[in-house]
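Colleague: I am new to reading models of proteins and would like to learn how to look at one feature after another. Could we go through an example together?

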Amino acid sequence: MKRLLDRAAVLGALIGLLVLTGSGPVWAEDGVTDKEVVVGAGMDLTGAVANWGVNIKAGMEAVFNRVNDAGGVHGRKIRLIAYDHVYQPPKAVTNAKRLVERDKVFVMMGHLGTPTTKAIKEYLEERRVPNIFPSTAASIWTTSGPWHIGDLATYADQTWMIIDHLVKDKKIKKIASFYQDDEYGLDGHLAGKARLKQHELAYVAEVDYKRADIDFSSQAAKLKESGAEAVILQAVYREPPRLAEQCHAIGYHPVFIGPSPIVVDKTIELGGKHVDGMMGVEVYPLPTEPGAFLDLYRADMKKYFPNLALDTTNLYGYQKAALFVEGMQRAGRNLTRDSVLKGIESIKDWDPGWGLKYSYGGDARRVMSRVGRLVVVKDGKWTKVGEWMELKEGGRR
Amino acid sequence: MVEILTSQVVSGLATGCVYALIALGFVLIFKATDVVNFAQGEFVMVSGFISYTLLIRFGIPYWLVLILTIVVSGFMGVILERVVVRPIMNAPIFSIVIATIGASTVLRSAAGIIYGYDVLPLPTIFSKDPVRLGVLNFTAMDVGVIGSSLVIMLILYLFFKFTKTGTAMRATAQSQTAARLMGVSVSRIFSLTWAISAGIGGVAGVLIAPIIYLDPNLGFIGVKAFAGAILGGFGSIPGAIVGGMLLGIIENLSGYFFNAGIKQVSTYILLILVLVIWPSGLFGAAPIRKV
């Protein structure tokens, strides 16, 4: 009997201990200590879209370095751990598990790529790790519940803008879609299909390609045969110049237009004269424009990454990180996954100083900015052709 | 329709010629030394970066760059043979093959560390503007690539057929012992074979990099060329050439008639079909059975 009582006492003490540790310091959240916040990211540093990965990571680190040098956010320095997923979904899953379970990251921040981020979506939800501003503007992040939050106008929203521009402004009815056959390409492709239907039109050709494909001569032939006057490029920076080249080689010169991932200097560097006149949608200003926020960006990049050229890719990472830091400021000293999400969601009309304001809420989209404007390649440079427009919520229906 | 089909065939043939050059590199080394060199694709990639450096960083004229690239690639082949392959020449073939895979990873990472993983455009002397000739639709680039490849193949043919060294190389491929007895330095022939294979890889690099852009992952094109070599009958030189060319054309046509997914696997489906019907490939000699 006494032994039983002893056991009960030990058990009671153990339960007590568990309860006590469970209700310990409030910031006993993974990846948060008194002095540090650890954020994780999966990037493509050596694969098909490495140009994006390397630059986004640098842009985010430029902000974190500046903030850390000034003492951090509420006394905590930000440390970014990024692993290379080579733009391959299976590797992204392994990396995410390593980040969450071994490195105990606080949040996933700026995770690159639509197919790669989609591969870890359910895992992050299961582990209740916020997926903050993934480096993919697919609409899935804006509509998938509390653990995901996007930053900019989605590919779906942008494609609606493209279709409206082609149909209403350019009076083009024969429109074709060239898309990456995965969650990235399909987002804009299907949204475009839906928008065309509302204009009582349909794609005259739907031509796909696989990630990391390098030859598009058969796609060029199909597009030419369809007689499309405009081709929407749901692609990244490597395919549009090659496709344009191969279309021109068979004497086919449609209007090429695509969402934000094609609006990088690399597209022009690779394509040369073949991308002259190519159009794109821009969702944040160019690195060379005036503005206090851009001055800060240019100074930080020069200080921390003097060897990297100023480019839309690293500016993308930079504005993400700046927005995240603002969210952390608002979350206060008591930093939890919940409080940082609330902090981000409390951002309204926040103006970092470049003419664009960030606001959460107001409609069903979990994003911070909903604007876009059209740009065109002119004299070897992306040049704006329109003003910032609030984009409609583009869907697949 | 006819015009589009012919343009598909011509551009497929251009890519196919590059596959054929890489496949030749595979087959030459295999014939002489029984080793399958999986770093063959990396020769292509490295030579692309060599010509990029010479052209862009040093501003050397194109024709000189072409010669220098071939020479430097050749040296790289010799170094690889001396440093990686020769010390383990008596190890099982399997180990040597793994060593070449290791070498390919090292070369790929080295290129990544030096040049970064960014995609770079490599200039070319051939124009990418369209040319029309009746029903034929092509670019000067296509013709240039096809022509250059054929010239290289012709030079190789003449070399093997009419020079003393070429004859010694063929002899070594047939029987190392007999060649040695006839006074051929087999180890020198091995080095030379690697140099030639890497040099051909160099030509392939200069030809293909301007088309599909330059990055450290360019070497993966070697996998397709390898499939081309098997298609033609691994070990057969005409087989490597025809197999590579065929592969390029079929890839393009399947992409045109079907979708990107089919295009991606079409070469492998064809490969399996050919091997089922002709187990030793299109040009492969029937296996000799020992009795």
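Modeller: Let us start with a loop: B:Asp34 lies between helix 1 and helix 2 (40-57) of chain B, where helices (H or I, at least four residues) and strands (E, at least two) are DSSP runs, numbered from the N terminus. This is a predicted model, in which local features need pLDDT of at least 70 and side-chain atom pairs count only at pLDDT 80 or more, while totals for chains, interfaces and linings use all residues. Residues are numbered from 1 along each chain as its sequence is written, and chains are lettered from A and ligands numbered from 1 in the order in which they are written.

Colleague: What is the phi of B:Asp34, and how is its exposure classed?

Modeller: A residue is buried if 20 or more other C-beta atoms lie within 10 Å of its own, exposed if 12 or fewer, and partly exposed in between, with the C-beta atoms placed from the backbone. B:Asp34 has 13 other C-beta atoms within 10 Å and is therefore partly exposed; its phi is positive, about 65°, although B:Asp34 is not a glycine. In chain A, A:Asp379 in the loop between strand 11 (371-378) and strand 12 (381-384) has a positive phi near 50°, and A:Asp379 is a residue other than glycine. A:Asp379 counts as exposed because it has 6 C-beta neighbours inside 10 Å.

Colleague: How should I read two helices that pass each other, such as helix 1 and helix 5 of chain B?

Modeller: One fits axes as lines to C-alpha atoms, for helices over the stretch in contact, and takes angles from 0 to 180 degrees between N-to-C directions. The axes of helix 1 (residues 2-33) and helix 5 (residues 140-162) of chain B come within 9 Å and cross at roughly 35°. The crossing of helix 1 past helix 5 of chain B is left-handed, a term used if the near helix is turned anticlockwise from the far one by less than a right angle, with right-handed for clockwise.

Colleague: Which residues of helix 1 and helix 5 of chain B meet there?

Modeller: Two residues are in contact if their C-beta atoms, placed from the backbone, lie within 7 Å. Among them, B:Val10, B:Leu13 and B:Cys17 belong to the helix 1 side, and B:Val145 and B:Ile152 to the helix 5 side, of chain B. The residues of this contact divide into 10 nonpolar, 2 polar and 1 charged, where Ala, Val, Leu, Ile, Met, Phe, Trp, Tyr, Cys and Pro count as nonpolar, Asp, Glu, Lys and Arg as charged, and the others, Gly among them, as polar.

Colleague: In what order do the 5 strands of the open sheet in chain A lie?

Modeller: Two strands pair if DSSP finds at least two bridges between them. In chain A the order is 2-1-3-4-5, and the pairing is parallel; strand 2 and strand 5 (148-149) are the edge strands, each pairing on one side only. Strand 1 of chain A is joined to strand 2 (residues 77-84) by 8 bridges, with A:Val38 opposite A:Arg79, and to strand 3 (residues 107-109) by 2 bridges. In strand 1 (residues 36-43) of chain A, 7 of the 8 residues are buried, so this strand is largely enclosed by the rest of the structure.

Colleague: What handedness does the β-α-β unit of strand 1, helix 2 and strand 2 of chain A have?

Modeller: A crossover is right-handed if, with the strands pointing away from the viewer, the path from the first strand over the helix to the second runs clockwise. The unit of strand 1, helix 2 and strand 2 of chain A is right-handed. Elsewhere in chain A, strand 8 is joined to strand 9 (residues 255-258) by 3 bridges in the parallel sense, and the crossover from strand 8 through helix 9 to strand 9 is right-handed. Strand 8 (residues 230-234) of chain A has 5 of its 5 residues buried.

Colleague: How many residues of chain A and chain B are in contact?

Modeller: 28 residues of chain A are in contact with 25 residues of chain B. Helix 8 of chain A gives the most to the chain A side, with 6 residues, and by class that side has 9 nonpolar, 7 polar and 12 charged residues.
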